[in-house]
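Got the viewer open? Load the model, switch to cartoon view and follow along, selecting as we go.

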Amino acid sequence: MNPLAASTAAIPPLDLTGKGGFASLGPAFFTALQPTPLPQPHWIGVSTDVADLLALDAGWMASDEALQVFTGNARLPGSTPLASVYSGHQFGVWAGQLGDGRAILLGETPGGLEVQLKGSGRTPYSRMGDGRAVLRSSIREFLCSEAMHALGVPTSRALCVTGSPAPVRREEIESAAVVTRVAQSFVRFGHFEHFAARGQVNELRLLADYVIDRYYPACRSTEQPGGNAYAALLQAVSERTATLMAHWQAVGFCHGVMNTDNMSILGLTIDYGPFQFLDAFVPGHVCNHSDTQGRYAYNRQPNVAYWNLFCLAQALLPLIGDEEQAQAALVSYKTVFSDDFMARMRAKLGLTAQRAGDAELIDHILLLLAKNGVDYTIFWRRLSHAVAQNDFEPVRDLFADRAGWDQWLLSYSELLALTDKAVSAHLMLSSNPKFVLRNHLGEQAIRAAKQGDFSELQTLQRLLQHPFDEHPGHDAWADFPPDWASSIEISCSS
Ligand SMILES: Nc1ncnc2c1ncn2[C@@H]1O[C@H](COP(=O)(O)OP(=O)(O)OP(=O)(O)O)[C@@H](O)[C@H]1O
């Protein structure tokens, strides 16, 4: 087919004729442009769940036209591709103008879902970059987006990954790939910082009104005398961010690059770069090898998010108009985070109600896990089975400090005795996943995919889509990481 030719299908298989989306904000917010084609595209992976979400026809999804569209080689009618401009703080320092340097928004569905290609070529915001993404990082983003969704963590979704033999230079020569991402919105804190930093208050207001009208309409109800919709927006974003952090901490997820341009205004997990699920519970774990100061260590994530919210508050200040109100909008962050985190941890412990002593119990087990370097995911899953079967020996085996474990188990048993055992076990087995996307699992799928074998990727995808199920015959994917896992180096080079 003719690359860049518009589709001739009578009914667009992917309907991107949604109106009033990001493109309606006007040219100050983006540059309209087409993706840059890639030669000889091929499929790497598809999420049928996301295809269903977009009401995509399975036959069309398997077609060459779909392959070309999702590689950036063909256009759909109604599509208005654009790259948006934003700025941001990177590693705590103002980085100035950034923008979609390798992402292109294809458009929006009538149902309000934005569809974006990542790795689809240079844009005016590419700076020194090549506008491309490589197979390795694209597979990681694809698998993790869908894994996080299945874990119940708010996230952008991934429809598919396509690959091309086109070479891309990173630390070595790799091959190009494109991820098709889907979210209600890809607006970031950095979009607001961009216009605030330039004193473009009209654009700042346009953007804030757009976000409020579409995603936070309840903020308008505060527009009685004394109400402030922009302060209400800040508070709502802050609380969603707090909830996101509680999710991340509870599931043992390290993002790796929590720059303000990677913070979603909707409280979604976005930009899967050097992320990692914890293996052993090491609170200070840093998953990004480029993060030499440990700014984005696992245990610093909730504080970093709060710092990022201060940047957002600063950006919204011209609209809020009053520093005290801006500060007040951030006050609930800490309680929302800690209430949500504690509720998640109680569920992981199978405790169905808040009771005196549960906070100490949670603090104590996290200390013991850290002291003994216990595998985070395996611990919680074994504990769930232990409660179900009333046999705690397999959990005890995980601790070098047996006396410490025995002491904790005594306190835990007291609280557990107040709940119905079957209810607790059920809660735990649906709160503590058996399967998470450990680095070495992703790596195995990537190595095989580089050889043209996608079976490992598909197996992993299937397991991660239902991470709380047992999946008999697949215990190896839920096992401890092999020794070589610690030598996998994931950095910002993607
Ligand atoms: N290969 C590249 N070519 C052009 N721009 C890039 C490239 N890699 C990163 N950038 C840009 O550098 C900035 C920071 O990169 P970061 O790694 O946070 O984002 P990303 O992974 O490219 O994208 P996203 O946040 O959309 O998932 C962004 O403006 C991004 O578009």
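Start at glycine 252, which comes right after α7 and has a positive phi, near 75°. Helices here are DSSP runs of H or I, at least four residues, strands are runs of E, at least two, and both are numbered from the N terminus. A quick note on ground rules: this is a predicted model, where local features need pLDDT of at least 70, side-chain atom pairs count only at pLDDT 80 or more, and totals for chains, interfaces and linings use all residues. Residue numbers run from 1 along each chain as its sequence is written.

Now step back and select 229-251, which is helix α7. Its end C-alpha atoms are 33 Å apart, which agrees with the 33 Å expected for 23 residues at 1.5 Å each (the expected span takes 1.5 Å times one less than the number of residues). Of those 23 residues, 20 are buried, meaning that 20 or more other C-beta atoms, placed from the backbone, lie within 10 Å of the residue's own; 12 or fewer would be exposed, and in between partly exposed.

Next, go to the loop between β11 (253-254) and β12 (276-277), where asparagine 262 sits. Aspartate 261 and aspartate 271 are in that loop too. Pick aspartate 261: UniProt's unreviewed entry puts an "active site" there, though such annotations may be inferred rather than shown by experiment. Aspartate 261 is buried because 23 other C-beta atoms lie within 10 Å. Beyond neighbours within four places in sequence, its contacts are Tyr86, Gly88, Leu98, Arg188 and Gly190 (contact means C-beta atoms, placed from the backbone, within 7 Å).

The unreviewed UniProt entry also carries a "binding site" label covering Asn262 and Asp271. Is asparagine 262 buried or exposed? Asparagine 262 counts as buried, because it has 20 C-beta neighbours inside 10 Å. With the same sequence neighbours left aside, asparagine 262 touches Arg188, Val257, Ile270 and Asp271. Aspartate 271 is buried as well, with 23 other C-beta atoms within 10 Å, and is in contact with Val257 and Asn262.

Last stop: show the ligand and the 19 residues around it, of which Leu98, Gly101, Ser126, Gly129 and Asp271 come nearest. A residue is near if its C-beta atom, placed from the backbone, lies within 6 Å. Colour the shell by type and you get 5 nonpolar, 7 polar and 7 charged. Then colour by domain: domain 1 (31-189) and domain 2 (190-342) each supply at least three residues to the shell, with bounds from an automatic or database assignment.

Methods: Nonpolar A, V, L, I, M, F, W, Y, C, P; charged D, E, K, R; others polar. Contact = placed C-beta atoms within 7 Å.
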